[in-house]
Amino acid sequence: MTPTDIRQHMIKSGYVPTPVEGKAAVLEGWPERVGVSQDDLAIWSRLYPSATNTGMLCAHCPTLDIDVLDEAAVDAAVALVRERFGELGKVLLRYGRRPKVAIPFRTDMPFAKVQVLLTAPDGDTNQKVEFLCRGQQVVVHGVHPDTQEMYQWSGGNPGNTKRAELPLIDEAEAQALMDDLAAVMLNHGYQRSRNDNANGKHRDAPTGGESTNGSEASGNWGDLYANILAGHALHDSLRDLAAKLVTAGTDPGAVVNTLRSLMARSEAPRDKRWKERHREIPELVKSGLRLLRENRQREEDAAIDAVAEHDGAPLLDDVRIYLDRFVCYPSEHATIAHTLWIAHTHLMSAWESTPRLAFLSAEPESGKTRCLEVTEPLVPRPINTMNSSASYLFRKTGSDEGQPTVLFDEIDTIFGPRAKEHEDIRAFINSGHRRGAKFGRCVVRGTIVETEEIESYAAVALAGIGWLPDTILTRSIIIRMRRRLRGERVEPFRHRLHTPEGAALCRRLIGWARMVAADAEEARPVMPPSVEDRQADGWEPLLAVADLAGGAWPTLAREAAEALVAVSRDTPVSLNLRLLGDLRTVFLNNLVAVAQAIPHGLATKRILEELFGLEDAPWHTVNKGQAYTPSQLAVTLRDYEVRSENLRPHPNVRTQAKGYPIAPLADAWRRYLPPLSLPPDAVPNVTTATKDVYERFFEVVVTPVTVVTPSSQREGGTSPPSELDPPRVNQLAGWYCRQAVALKAEMSPSILKAHLEKQLRETLGNEVPENALDTEVGRVVGAANKSRSSTRKRS
């Protein structure tokens, strides 16, 4: 980026930049500037081409400049700043000549520079700590004139961090911070210079080598440093200082180096006790990290307990409302499933298995990624990933931090037709759905090869284009997302605004889950009849959550289960299953030939001819434009234990031909295909010769044509009444409600309404006069809506 680009980003973030050559500002009157325009930037680039460094005016961004060469002293000073201001804003660190560091703040009332001049232990009097404010600037980007290296930032920089995100400080707080930093410096062997210009504002800092009581470590920063340097209460002082540094956000490795540096300068004799304390420093830091995690967990538990609630139904309602604000779901059932899946992630220890939630679509921009984004703040320990390795996923699920919730976006790049093999990730997604699943690997430690087993049980949500491998689809709840219509509107999701709302709901979910955890482990929900096998395994925890929540959720959950299971069955079948289905059609279409063959069956030649003639069938061009061959047919059917035999196609002719008997094929049809559904006019004519074959080898369900039957048939010549009687209205309203539930997953609300009203009109055409048709249809629909409304209230 050019200097002009840097300065433009700073202006957008609320800072006042200035061109700098080396460390010197080149503009006349720069201390009085209060703002910079785009025109100013263009002028600077023309007038000051050599001023490639960029400074920041400090009037409203006072900057703490720790101009000290002792690395341990600088680390301790940074730790103090983080402890005091870390929760008030972002603590940014700018490094030029390490270990010197500058830390920017913000203020509403500019103040004069505050400074502490220091004398280093080696007598160097050029080191100091100061607050640059009114009338000063600090270089934020460019090349350091001494090191000839770029200035470096940690935690962000003025180009990507807004001024409003910095910690707020006023003159009194700056003065107090300077006093405490002076004490830190004194504890590292520094002394205040006699010409220190404190402007009468500094208090005397404690001297470096004193201890508060000589036996017990104090919680004060200065006392802890003093005790370690004096060799007093080393274990307690090292432990407490490690905890304070870790709490302040200092990197654990830097904490270890700081403590070892203090021990190296300690006045304690280098005896066995000193060596033990020096050796245990890494363990003390680990203890500090554990203590920090425990404290944070206690704080989180207190916040959760404060919002915990016994009634789960209103909570799930709130989660559902939150999701509906940002996502345009294809159906109400999809919203219900998403809500229940999120709730079940907070009770993972109660379930035997967890379903994969798959948001799939035919095209991009259908809301899949948004579904994962709104899920993230609602689930425990989310991992939002696109291309993580299998090793990373397994180790995250097996870590001591607890089971994560994996949100895997763009899964089509892993399993798509152009993707490389990712069998390890597929194994993770497949195995991790059941509790107790392990991931086994060999680990080399030195010259020893050991085996290790890592838990892989975790909740996983997926998003991608197209479909997933069959092994994953059967373990998934499928939600087919669609692009929004022009008239469909959702609220834009903004992480900085809406994540806190989701986090509040997440705490409520955690609190509720803790209250019902014991009941969840004992839950054995009743499954709808159409939900069985692997689908039942996946829906069991979601239905259990619904039952625990109560209210209308048990009914809503079971309706959603039946609807989405029906959707999942409408997935693209494999080529082998397509072959079985087409073979069943071929044998049914040639029922006479099948019945007269000995044994009952069809010749291979005729089978292939009939397959090639099926409309929309792939068999004529399945082999890169070439037709399906007899050998391919044999290889495929062998997997289903179906083999070719010699058949006599005509009973009165002794000529034989290779073909396939129907008996083993019928067994495969019953095992792998649903019954054949046919309307009455498509059922084949069964003769005496073919009846036995038809009844023995084919499962056929005849679908009725008439949905609503009139209550009575009127005699010819009798004019129909002008309105329906109340029992007939109730009968038709009941039919309307049942059809609305059955077809809800297949049609949009507007199409469903038009479809049902059309059927009503056809039914009522012979029951009421034409001029009363609209009125009576309205009566039936109104009665149906009233019935559905009362049902919801009762549930």
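Trainee: Accessible areas here come from the Shrake-Rupley method with a 1.4 Å probe, and for residues only the protein chains shown count as cover, so how much area does the protein expose?

Mentor: The protein exposes about 40,400 Å², and carbon and sulfur atoms supply 49% of that area. This is a predicted model, in which local features need pLDDT of at least 70 and side-chain atom pairs count only at pLDDT 80 or more, while totals for chains, interfaces and linings use all residues. Residues are numbered from 1 along each chain as its sequence is written, and side-chain values use heavy atoms, with hydrogens and water left out.

Trainee: OK, and what share of the residues is buried?

Mentor: Of the 795 residues in the protein, 45% are buried, meaning under 20% relative accessible area, with exposed being over 50% and partly exposed in between (1.4 Å probe, protein chains only).

Trainee: How many helices and strands are there?

Mentor: There are 28 helices and 23 strands, taken as DSSP runs numbered from the N terminus (helices H or I, at least four residues; strands E, at least two).

Trainee: Switching to sheets, what is the strand order in the open one with four strands?

Mentor: The order is β2-β1-β3-β9 with antiparallel pairing, where two strands pair if DSSP finds at least two bridges between them. The edge strands, each pairing on one side only, are β2 (24-25) and β9 (137-141). Strand β1 (residues 17-21) and strand β3 (residues 53-57) pair over four bridges, and Thr18 has Gly55 in β3 as its bridge partner.

Trainee: Which strands does helix α1 touch?

Mentor: Helix α1 (residues 3-12) packs on this sheet and touches β1, β3 and β9, with its direction at about 20° to that of β3; contact means heavy atoms within 4.5 Å, and axes are lines fitted to C-alpha atoms, for helices over the stretch in contact, with angles from 0 to 180 degrees between N-to-C directions.

Trainee: Now the rings: why is the pair of Phe85 and Phe105 edge-to-face?

Mentor: Their centres lie 5.1 Å apart and their planes stand at 80°, so the pair is edge-to-face; rings of Phe, Tyr and Trp (its six-membered ring) pair if their centres lie within 6.5 Å, with planes under 30 degrees apart stacked, over 60 edge-to-face and the rest tilted. Phe85 lies in helix α3 (residues 71-85), and Phe105, 20 residues away, lies in the loop between β6 (101-104) and β7 (114-119).

Trainee: Is Phe105 buried or exposed?

Mentor: Phe105 is buried, with a relative accessible area of 0%, and Phe85 is buried at 3%. Phe85 and Phe105 form one aromatic cluster with Phe111 and Phe131.

Conventions: Accessible areas come from the Shrake-Rupley method with a 1.4 Å probe; for residues, only the protein chains shown count as cover.
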